[in-house]
Structures are given as C-alpha cells and as structure tokens.
Amino acid sequence: MTQAVRAAVFRPDDGRLDAAVELLESLGATPVPDAMLAVEPTRTSAREDGDYAVFTSKTGVELVAETGWEPGAATVCAIGERTADALREAGYDVDLVPAEFSSSGLVDALEDVVDGARVEVARSDHGSAVLTDGLEDAGAYVHETVLYRLVRPPEAGVSAERAAAGELEAALFTSSLTVEHFLEAAAARGVRDDALAGLNDAVVGCIGEPTARTAERHGVDVDVIPGEASFDALAAAVVEAAAPSRHE
C-alpha cells in the first residue's frame with residue numbers, strides 16, 4: 001500500500017490556505033498546512049493622481065478598497081486574474097491584465113506606453129524591484145505605496161519539524177518570503193539543518209524563477225517550477241512529481 005504525498009503548503013491563513021488544502025486533497029495528497037505569511041495592514045491608501053495604477057494581489061485590492069480609493073482617470077492594471085477579480089468585485093474596472101502573471105510580464109505590457117507617465121504601484125512591503133525598476137527604466141515616474149507588511153506568524157514551523165523528521169514528501173513555496181520564513185521558523189525551533197535536509201529529500205516546488213533562486217541561494221534543491229505561475233499549476237506539478245509510487 002502506498003502512502004499519500006505529504007505536502008507542506010505555506011499560504012496565508014486568509015482563505016488561501018484553506019483553498020490550497022482543498023486543492024491538494026483533491027489531487028490525492030495529504031496537506032501539511034503551515035501559514036508562513038500574515039498580513040499587517042499599514043492603513044495607508046494608494047495615490048489617486050496616477051496615469052496608471054498597479055495592483056499585485058487580492059489582499060492589496062481589499063485593503064485599498066476599504067480606504068475608498070478612487071482610480072480617477074488612471075489605467076487600472078492587475079497582475080493575475082485573482083487580483084483582477086478582486087478589483088471587479090470591489091467595483092473597479094480593470095483595464096489591463098498581462099498575459100504573464102508576473103512583475104516582468106506587466107513591465108513587458110507597459111514598457112512601450114509609460115514613458116513620462118505617473119505610475120502608482122500599491123502592494124506589500126516585499127514587492128519585487130523588477131516591477132518598479134522596469135517601469136522606471138521605461139521612462140515612468142513610479143510611486144510605490146506599501147499597503148501591508150508580510151510577517152511570519154509566531155506559530156509557524158510545524159512543517160519544519162515534519163521536514164526535519166523526514167515526514168514530508170513535498171513542499172510548495174509561493175514566494176521568496178515563504179522560503180525565508182520557513183527557514184527562520186526552522187531555526188527558531190532548533191531544527192534548521194535537519195529541516196533543510198528533509199526538504200532536499202522531498203520534492204520542492206517553487207511558483208516561479210525568483211522564488212526558486214531564493215530557495216537555491218539558501219541551499220534548497222528545487223525540483224519543480226510550473227510553466228504557469230499559479231498555485232493550481234504548482235500543486236498539480238508537485239503532486240505529480242512526488243506521486244505515491246515513488247515512495248513504495
């Protein structure tokens with residue numbers, strides 16, 4: 001009899017973790033939920049005088065909507081359909097969603113039209129410099145508003161202990177910060193080296209190249225990077241790679 005893939009998942013506990021657990025279960029895996037990110041709002045709002053307004057997450061949209069933000073004449077841009085759906089649900093029109101759901105994808109979509117334009121980027125405190133630097137290189141005047149900070153929940157780390165004990169077959173990292181927080185939580189529990197070894201005996205998936213580079217820089221061997229930068233694609237690819245038949 002084979003054992004279901006025990007897969008650690010690190011999404012924030014704001015509905016995304018529950019959805020990830022449900023998806024992994026539907027794929028035949030046994031989820032090990034361990035939120036590595038918590039949202040700490042800054043209570044600030046995006047500027048309303050930009051020619052373009054860029055949002056990168058559902059969380060950012062929800063927070064800015066609470067402030068009563070108005071886009072004015074700005075072209076509203078969303079990275080990813082989830083962000084775009086959140087904007088529509090909040091009553092905003094969405095003018096642009098890049099084909100590639102990433103900072104570089106949005107830069108590619110805007111680089112020919114933003115020279116001299118004012119671009120408001122509203123996101124977390126850990127947003128990629130790829131976006132702001134790329135827009136500035138294209139000639140835009142970029143203003144960044146930090147809507148929320150991403151912090152490590154004090155209770156995080158059960159997955160690190162499971163990894164250290166050799167009780168994970170898979171781990172799914174969705175950002176560089178989840179990698180860093182996993183290792184910080186492992187260190188706080190005194191199991192960093194063993195947790196790292198446990199990860200490297202498992203199938204490690206990263207949602208994109210930037211996350212993979214962070215993992216590899218910290219000594220984590222990355223096995224899976226899905227062709228599409230979405231959690232659904234990541235989960236499917238990781239569970240397939242860590243199929244129970246590999247652990248008979």
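## Asp 18 and its charged surroundings

In this predicted model, Asp 18 is found in helix 1, the element that runs over residues 16-26. Asp 18 has a relative accessible area of 52%, and because a residue counts as exposed when this value is over 50%, Asp 18 is described as exposed.

Asp 18 is also one member of a patch of negative charge on the surface, where it gathers with Asp 13, Glu 22, Glu 25 and Glu 155.

## Arg 43 and its loop

A second residue that deserves attention is Arg 43, which lies in the loop between strand 3 (38-41) and strand 4 (52-55). The backbone of Arg 43 has a positive phi of about 65°, although this residue is not a glycine.

Arg 43 has a relative accessible area of 67%, and since the cut-off for an exposed residue is over 50%, Arg 43 is classed as exposed.

## The chain as a whole

Looking at the whole chain, one finds 10 helices and nine strands, and of its 248 residues, 49% are buried. A residue counts as buried when its relative accessible area is under 20%.

The C-alpha trace spans about 60 × 30 × 30 Å when it is followed along the principal axes of the chain. For 248 residues, a compact globule would be expected to have a radius of gyration near 18 Å, and the chain has 19 Å, so the value for this chain agrees with that expectation.

Definitions and conventions
Residues numbered from 1 in each chain as written. Predicted model: local features only at pLDDT ≥ 70, side-chain atom pairs only at ≥ 80, totals over all residues. Heavy atoms only, no water. Patch = residues over 30% accessible without salt bridge, like charges linked within 9 Å, V, L, I, M, F, W, Y side chains within 5 Å. Areas by Shrake-Rupley, 256 points an atom, 1.4 Å probe, with all protein chains shown as cover. Salt bridge = Lys/Arg side-chain N within 4 Å of Asp/Glu carboxyl O. Lys, Arg positive; Asp, Glu negative; His and termini not counted. Charge placed at Lys NZ, Arg CZ, Asp CG, Glu CD. Helix = DSSP H or I, 4+ residues; strand = E, 2+ residues; numbered from the N terminus. Buried < 20%, exposed > 50% of the residue type's maximum accessible area, 1.4 Å probe, protein only. Rg over C-alpha atoms; globule rule 2.2 N^0.38 Å.
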